[in-house]
Amino acid sequence: TGAHLNRDDIDGVRNGARLEPRVIAKAPEGQGCPRCGGYVYAAEQMLARGRQWHKECFKCGNCSKGLDSILCCEGPDKNIYCKACYAKKFGPKGYGYGQGGGALQSDCYENGDLAPKVADIDVGKIQARPGEGCPRCGGVVFAAELVLSKGREWHRKCFKCRDCTKTLDSIIACDGPDKEVYCKTCYGKKWGPHGYGFACGSSFLQTDGMTEEQISSQRPFVCPDTTSIKAPEGEGCPRCGGAVFAAEQQLSKGRMWHKKCYNCTECHRPLDSMLACDGPDKDIYCKACYGKRFGPKGFGYGHAPTLVSTSGESTIHL
């Protein structure tokens with residue numbers, strides 16, 4: 001009938017054997033198990049906080065759950081806890097934390113005095129020395145909120161477009177000539193090319209009817225005529241004498257020409273390395289003008305290199 005199974009723990013007898021209570025030898029103060037104070041031998045020791053614990057004493061101080069090196073959390077009260085009890089007892093408290101757990105708390109005032117008192121500090125009010133702080137607000141910029149642009153340190157919350165206040169990152173930020181930062185759209189409207197077809201820097205037609213004087217006054221002046229920059233005698237472009245920069249240079253007979261000056265001296269046809277002919281007068285010509293000016297002349301030549309002499313003799317008069 002199984003009646004004998006109901007007598008297991010009567011009078012300390014289990015399965016026909018009497019269990020004697022275990023006697024633990026007490027260790028000197030501060031040297032034994034922190035939970036029971038007894039000696040801890042090598043076969044049963046668990047380590048936490050640099051102290052030895054009995055394996056059976058190595059459990060949560062709140063819910064008595066058995067622990068291991070993965071689950072153990074050492075509390076500031078020199079006791080050990082499982083992760084759930086540690087979070088409830090020592091974790092952050094307040095609305096959204098749920099007594100230290102990962103759930104929402106139904107009453108934002110439930111914890112009362114248990115919640116840590118943390119002052120809300122506006123670091124933007126901590127002003128830096130002139131020229132060293134955030135360019136937007138002048139406050140000290142700490143590492144946790146640092147954003148770099150053109151070698152200057154910005155607060156993350158201050159790193160936004162100057163005109164539309166759109167939050168920026170390293171991909172869409174544009175540094176303006178006024179030492180401010182803009183999004184690409186505002187940068188194009190403020191500093192991009194203006195006029196019919198540009199829409200204040202954007203890629204659609206302009207409808208605001210800005211005059212040429214207004215457009216010129218809003219963008220930096222750049223002199224587009226580089227030929228006005230004269231080079232030393234014999235070093236510039238052979239045609240105009242101006243300094244020749246790398247972006248506009250053309251080479252011919254070891255001399256550098258402006259790309260817009262590299263044209264035929266007779267018909268002003270633009271030339272390239274295939275069409276250009278170097279004349280004996282140190283100037284350049286297209287093939288047709290070169291043939292007319294320096295090619296063989298007389299019956300059968302027609303002042304152009306299209307016909308050949310029938311006699312095989314040159315008709316050039318020197």
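## Two hairpins

In the hairpin formed by β7 and β8, 2 residues sit between the strands, and K150 takes a positive phi near 55°. Keep in mind that this is a predicted model. The two strands, β7 at residues 146-149 and β8 at residues 152-155, pair in the antiparallel sense over 4 bridges. Across the pairing, V147 stands opposite W154 in β8. In a regular strand, side chains alternate between the two faces of the sheet. Strand β7 shows that pattern: V147 and S149 point to one face and are buried, while L146 and L148 point to the other face and are not.

Further along the chain there's another hairpin, made by β11 and β12. Here 2 residues lie between the strands, and K253 in the turn has a positive phi of about 55°. Strand β11 (residues 249-252) and strand β12 (residues 255-258) run antiparallel and are joined by 4 bridges. Q250 is the residue that stands opposite W257 in β12.

## A buried glutamate in a loop

E180 lies in the loop between β9 (174-175) and β10 (181-182). Is E180 buried or exposed? E180 comes out at 16% relative accessibility, and the cut-off for buried is under 20%, so E180 counts as buried.

As for its company, leaving out residues up to four places away in sequence, E180 touches R136, R152, W154, R162, C174 and D175. One of these, W154, is the β8 residue that stands opposite V147.

## Aromatic pairs

A pair of aromatic rings is described by the distance of the centres and the angle of the planes. The count for this model comes to 8 aromatic pairs. Among them are Y81 and F90, whose ring centres are 5.7 Å apart with planes at 70°, so this pair is edge-to-face. Y81 counts as buried at 4% relative accessibility, whereas F90 is partly exposed at 30%. Y285 and F294 make another edge-to-face pair, because their planes are at 75° and their ring centres 5.4 Å apart. Y285 is buried, with 1% relative accessibility, and F294 is partly exposed at 29%.

Back at Y81 and F90, there's a bit more to see: together with Y86 they form one aromatic cluster.

## The nonpolar core

In soluble globular proteins, nonpolar side chains tend to be buried together. In this model the largest nonpolar core has 13 residues. Which residues have the most contacts inside that core? They are A48, W53, F58, C60, L67, C72 and I80.

W53 is worth a look on its own. Not counting residues up to four places away in sequence, W53 touches C33, P34, R35, V40, E44, Q45, M46, A48, F58, N79 and I80. That list includes A48, F58 and I80, which are also among the core residues with the most contacts.

## Cysteines without disulfides

How many disulfides turn up in a search of the whole structure? The search finds 0. C264 is in no disulfide, and its nearest cysteine sulfur, that of C289, is 3.7 Å away. For a disulfide, the two sulfur atoms would have to be within 2.5 Å. C264 counts as buried, at 0% relative accessibility.

C277 is another one to check. Its closest cysteine sulfur is in C286, and at 7.6 Å that is too far for a bond. C277 is buried too, with a relative accessible area of 17%.

Definitions and conventions: Residues numbered from 1 in each chain as written. Predicted model: local features only at pLDDT ≥ 70, side-chain atom pairs only at ≥ 80, totals over all residues. Heavy atoms only, no water. Buried < 20%, exposed > 50% of the residue type's maximum accessible area, 1.4 Å probe, protein only. Contact = heavy atoms within 4.5 Å. Pairing = 2+ DSSP bridges. Phe/Tyr/Trp six-rings, centres within 6.5 Å; stacked < 30°, edge-to-face > 60°. Core = buried A, V, L, I, M, F, W, Y, C linked by side-chain atoms within 4.5 Å.
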